[in-house]
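Me: I'm new to this one. Can you walk me through the fold, step by step?

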Amino acid sequence: MHYGFLEIADDQSWGRTDWPNVFFGRRPTGLIATSPGEVFLLTGRHTGTVGFTVRVNEGDPGPDLEGFEDVMEVPFEASRSELRLIEWAGEKSHALPRLSAGPGSYRMRYHCRGMDDAGNSSWDYRAVVDEYLLQIWPSPAAPPATLKVTSREGRRRIFES
């Protein structure tokens, strides 16, 4: 990953969103933002390898508040049921599990741990320092919610930006 972010999108939506306006114009969660068909996720690591897991569920699996330092959730409108995790500038992409209910309204819960340590530039860029879990399930649209924030980096990006 590069520049501290990842994107998730379907093949037709990727690259269409004006992220500076969408993400920086309204930051209720500070670490994840959505636009129809696209998701923008911030990480602690600027460049290198991160641990990233995506789980698509039939219903709300519940948050992992014990295993992660920062947890937030947002609504997401899926234009298609096939999504991809896209690395910087579309250099590489990785297929994700198919959305369980096809196109429509979903909830995404983003879990983060290790963001404070990942900002330390002395780490080997190949070593996994920060890890992320993204849960996705069908759900009616509801406002974004911040469930837990304990890392310095999470607090900075959520409350101070």
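Reply: One term up front. Helices (H or I, at least four residues) and strands (E, at least two) are DSSP runs, numbered from the N terminus. The model itself is predicted.

Me: Ok. In what order do the elements of the chain run from the N terminus on?
Reply: They run β-α-β-β-β-β-β-β-β-α-β-β-α. That comes to 3 helices and 10 strands.

Me: How many residues does the chain have, and what share counts as buried?
Reply: The chain has 161 residues, and 47% of them count as buried.

Me: And what surface does the chain expose?
Reply: About 7,900 Å². Carbon and sulfur atoms supply 48% of that.

Me: Let's go to the sheet. What is the strand order in the open sheet of 5 strands?
Reply: The order is β2-β3-β1-β6-β7, and the pairing is antiparallel. β2 (32–35) and β7 (93–95) stand at the edges with a single partner strand each, so one side of each lacks a neighbour in the sheet. From one strand to the next, the twist averages 20°.

Me: Which bridges hold β1 to β3?
Reply: There are 5 bridges between β1 and β3 (residues 38–42), and the two strands run antiparallel. F5 stands opposite L42 in β3.

Me: What about β1 and β6?
Reply: Those two pair over 3 bridges, again in the antiparallel sense. β6 covers residues 84–86. There, R84 is the bridge partner of A9.

Me: How many bridges join β2 and β3?
Reply: 4, in the antiparallel sense. One pair of bridge partners is S35 and E38, the latter in β3.

Me: Back to β1. Why is it described as largely enclosed?
Reply: Because 5 of the 5 residues of β1 (residues 5–9) are buried, the rest of the structure largely encloses the strand. Buried here means under 20% relative accessible area.

Me: Which residues sit on each face of β1?
Reply: F5, E7 and A9 are on one side, L6 and I8 on the other. Both faces are covered, and these residues are all buried.

Me: New topic: S13. Where does it lie?
Reply: In the loop between β1 and α1 (19–25).

Me: Is S13 buried or exposed?
Reply: S13 is buried: its relative accessible area is 10%.

Me: What does S13 touch, leaving out residues up to four places away in sequence?
Reply: P36, G37, E38 and S79. Take G37: S13 is 24 residues from G37 in sequence, yet their C-alpha atoms are 5.3 Å apart in space.

Me: And across the chain, what share of contacts between residues at least 6 apart joins residues at least 24 apart?
Reply: 77% of them.

Terms used:
Residues are numbered from 1 along each chain as its sequence is written. This is a predicted model: local features need pLDDT of at least 70, side-chain atom pairs count only at pLDDT 80 or more; totals for chains, interfaces and linings use all residues. Side-chain values use heavy atoms; hydrogens and water are left out. Buried means under 20% relative accessible area, exposed over 50%, partly exposed in between (1.4 Å probe, protein chains only). Two strands pair if DSSP finds at least two bridges between them. Axes are lines fitted to C-alpha atoms, for helices over the stretch in contact, and angles run from 0 to 180 degrees between N-to-C directions. Contact means heavy atoms within 4.5 Å. Accessible areas come from the Shrake-Rupley method with a 1.4 Å probe; for residues, only the protein chains shown count as cover.
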